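Work through three short exercises with the model open beside you. Try each task before reading its solution.

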Amino acid sequence: MRLPGADVAGGLASRGGNCAVCGLDVGLQWMVSSTGQVWCVSHRQLPLCRWCGLPVRNALSHPASCESCSRQAVESVADLGQPLHQVGSHMASLGLTIRHPVKLILKPPAQLTSAGLFTTGPDQLGVTQWTHDGYGRLTGAITIGIAAGLPRPHFRRVLAHEFGHALLAQAGPAKVSPVVAEGFSEALALEHLRGSGAGAVERQIAAQMIASEDPLYGGGLRLVAFAVDRYGLKAVLHALETGRAAAVGLR
Ligand SMILES: [Zn+2]
Ligand SMILES: [Zn+2]
Ligand SMILES: [Zn+2]
């Protein structure tokens, strides 16, 4: 799971208001963040929050993260309760459960990289690892690694995506192509983001996912989302679990 190539530069809008950065009236021209917040053109030199696109004053980290995104960051075990419950209960309501033990590791990306969990570069946000024995049975726990510091909605998106990989893993050795596996995981994350209580941030993430030009993530999602619309999520999962992807128009 990688960070999508986000377009967070904003643009000119047709109505103003108070600036989300300095609180003053934005005047006659203004910028808009990807979550719809307006801000003064004069802040254009500031670094933009990597999550919501709002300019950040006194950025403490690189890439920058704004105050509101930082406040919501899932940094440690203490922050896990609410998002874990939100994703877990939503998945259960969709009839999706992981019967196998799952180990969740929340650590800074550098540590996940040195532990051999993150392998695809600095934009990686999550990973799912597992091993099957010679009979196709899972051995040991399914390990999900997620980068510490994601704002809650982004954390839930990554967790729901990795949940998709875990569902496919418990069905046995891969029966689908990487693009279908990533597409299914993205489709599950999209389903979660659109589920109950979706706000501006969830809608922004969903829009970025659907528009992503990445052939694996964006391409996979568009492929699988089409099958999900047509056959339903559970039917698609069942087809993938049983090696009958072609039955739902996938391969
Ligand atoms: Zn993935
Ligand atoms: Zn301002
Ligand atoms: Zn932000």
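The exercises below use a predicted model.

**Exercise 1. Domains**

Find the domain bounds, then describe how domain 1 and domain 2 meet.

*Solution.*
- Step 1: domain 1 covers 1–71, and domain 2 covers 73–248.
- Step 2: their C-alpha centres lie 28 Å apart.
- Step 3: in the contact, 13 residues come from domain 1 and 20 residues from domain 2.
- Step 4: on the domain 1 side, seven of the touching residues are nonpolar, five polar and one charged.

**Exercise 2. The open sheet**

What is the strand order of the open sheet of three strands, and which helix packs on the sheet?

*Solution.*
- Step 1: the order is β4-β6-β5, with mixed pairing.
- Step 2: β4 (102–107) and β5 (126–132) are the edge strands, each pairing on one side only.
- Step 3: from one strand to the next, the twist averages 15°.
- Step 4: β4 and β6 (residues 138–147) run parallel, joined by six bridges. K103 has T143 of β6 as its bridge partner.
- Step 5: helix α4 (residues 152–170) packs on the sheet and touches β4, β5 and β6. The direction of α4 makes about 165° with that of β6.

**Exercise 3. A helix pair**

How do α7 and α8 cross, and which residues make the contact?

*Solution.*
- Step 1: the axes of α7 (residues 217–231) and α8 (residues 233–241) come within 7 Å and cross at roughly 120°.
- Step 2: that angle makes α7 oblique to α8.
- Step 3: α7 contributes V224, A227, V228 and Y231, while α8 contributes L233, A235 and V236.
- Step 4: sorted by type, the contact has seven nonpolar residues, no polar and no charged.

Notes
Residues are numbered from 1 along each chain as its sequence is written. Chains are lettered from A and ligands numbered from 1 in the order in which they are written. This is a predicted model: local features need pLDDT of at least 70, side-chain atom pairs count only at pLDDT 80 or more; totals for chains, interfaces and linings use all residues. Axes are lines fitted to C-alpha atoms, for helices over the stretch in contact, and angles run from 0 to 180 degrees between N-to-C directions. Helices (H or I, at least four residues) and strands (E, at least two) are DSSP runs, numbered from the N terminus. Angles under 35 degrees count as roughly parallel, over 145 as roughly antiparallel, 65 to 115 as roughly perpendicular and the rest as oblique. Two residues are in contact if their C-beta atoms, placed from the backbone, lie within 7 Å. Ala, Val, Leu, Ile, Met, Phe, Trp, Tyr, Cys and Pro count as nonpolar, Asp, Glu, Lys and Arg as charged, and the others, Gly among them, as polar. Domain bounds come from an automatic or database domain assignment. Two strands pair if DSSP finds at least two bridges between them.
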